[in-house]
Amino acid sequence: MSDCIFCKIIGGEIPSTKVYEDDKCLAFRDLDPKAPTHILVIPKEHIQSVDAVTLENSGVVAHIFTVIPGIMRELGITGGYRVITNIGADAGQTVPHLHFHVLGGKEMGWSPAG
């Protein structure tokens, strides 16, 4: 999508601090980190959100979940980490491109309301 900020990052139109890239996904540091390590992992294929995952595109989501552990090990996160995705405006999704926030580097509490 031409107006999608994450598609522009994938295309190199907007710079990012990449920590991982392959033919299916890209991982880069979040500009507003909520933990010492906060990366975003996005599929290179434009998928709007979890609501748009289908049998045809679910392989890329499975791939992302197979690469996240290696990314976090490479970044030195060994005590655990959190993976979060927001679906829709009410949940706080601000970019309509499927993305996973991966946070680590500190002990985290639980706050379901944010």
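Two strands count as paired here if DSSP finds at least two bridges between them. I start with that, everyone, because the first thing to look at rests on it: strand 1 and strand 2 form a hairpin, with three residues between them. And please keep in mind throughout that this is a predicted model.

Let's stay with the hairpin for a moment. Strand 2 covers residues 25-29, and its pairing with strand 1 is antiparallel, over three bridges. If you want a residue to anchor your view, take Glu21: its bridge partner in strand 2 is Leu26. Hold on to Glu21, please, as we will come back to its side chain.

Now zoom out to the sheet. The hairpin strands belong to an open sheet of five strands, in the order 1-2-3-5-4, with antiparallel pairing. Which strands stand at the edges? Those are strand 1, residues 18-21, and strand 4, residues 81-84; each has a single partner strand, so one side of each is left without a neighbour in the sheet. From one strand to the next, the twist averages 20°.

At the other end of that order, strand 4 pairs with strand 5, residues 100-104, again in the antiparallel sense and over four bridges. If you are following on the structure, find Tyr81, which stands opposite Gly104 of strand 5.

Back to Glu21, as promised, and on to charges. In general, side chains of opposite charge can pair when their charged atoms come close. How many salt bridges does a search of the whole structure find? It finds three.

Two of them involve Glu21. Lys18 meets Glu21 side chain to side chain, with 3.2 Å from N to O. Lys44 also forms a salt bridge with Glu21, and here the closest N and O atoms are 2.8 Å apart. That second pair links distant parts of the chain: Glu21 sits in strand 1, while Lys44 sits in the loop between strand 3 and helix 2, 23 residues apart. Put together, Lys18, Glu21 and Lys44 make a network of salt bridges.

How accessible are the members of that network? Lys18 has 45% relative accessibility, so it counts as partly exposed. Glu21 is partly exposed as well, at 37%, and Lys44 is partly exposed with a relative accessible area of 25%.

The remaining pair on my list is Asp32 with Lys34, whose side chains meet at 2.7 Å, N to O. Asp32 is partly exposed at 47%, whereas Lys34, at 51%, counts as exposed. The cut-off is what separates those labels, because exposed means over 50% relative accessible area.

Next, the cysteines. A disulfide is a covalent bond between the sulfur atoms of two cysteines. So how many disulfides does the count come to? The count comes to zero. Cys4 is in no disulfide, and the nearest cysteine sulfur, in Cys7, is 3.7 Å away. Why is there no bond from Cys7 to Cys4? Their sulfurs are 3.7 Å apart, which is too far for a bond, because the pair would have to be within 2.5 Å to count. Both residues are worth finding on the model: Cys4 counts as buried at 5% relative accessibility, and Cys7 counts as buried at 15%.

Let's move to the surface. Val50, Val53 and Ile87 form a nonpolar patch there, with about 180 Å² of accessible area together. Val50 lies in the loop between strand 3, residues 37-43, and helix 2, residues 58-74. With 35% relative accessibility, Val50 counts as partly exposed.

That loop between strand 3 and helix 2 holds another residue to point out, Glu56. Glu56 is exposed, with a relative accessible area of 72%. Measuring sticks ready: the C-alpha atoms of Glu56 and Asp90 are separated by 27 Å, and these residues are 34 apart along the chain.

One last stop, towards the start of the chain. Pro15 is in the loop between helix 1, residues 5-10, and strand 1. Pro15 counts as exposed, at 72% relative accessibility. From its C-alpha atom to that of Phe28, 13 residues along the chain, the separation is 9.9 Å.

That is my tour, and I'm happy to take questions. Thank you!

Methods. Residues numbered from 1 in each chain as written. Predicted model: local features only at pLDDT ≥ 70, side-chain atom pairs only at ≥ 80, totals over all residues. Heavy atoms only, no water. Patch = residues over 30% accessible without salt bridge, like charges linked within 9 Å, V, L, I, M, F, W, Y side chains within 5 Å. Areas by Shrake-Rupley, 256 points an atom, 1.4 Å probe, with all protein chains shown as cover. Salt bridge = Lys/Arg side-chain N within 4 Å of Asp/Glu carboxyl O. Helix = DSSP H or I, 4+ residues; strand = E, 2+ residues; numbered from the N terminus. Buried < 20%, exposed > 50% of the residue type's maximum accessible area, 1.4 Å probe, protein only. Axes fitted to C-alpha atoms, helices over the stretch in contact; angles between N-to-C directions.
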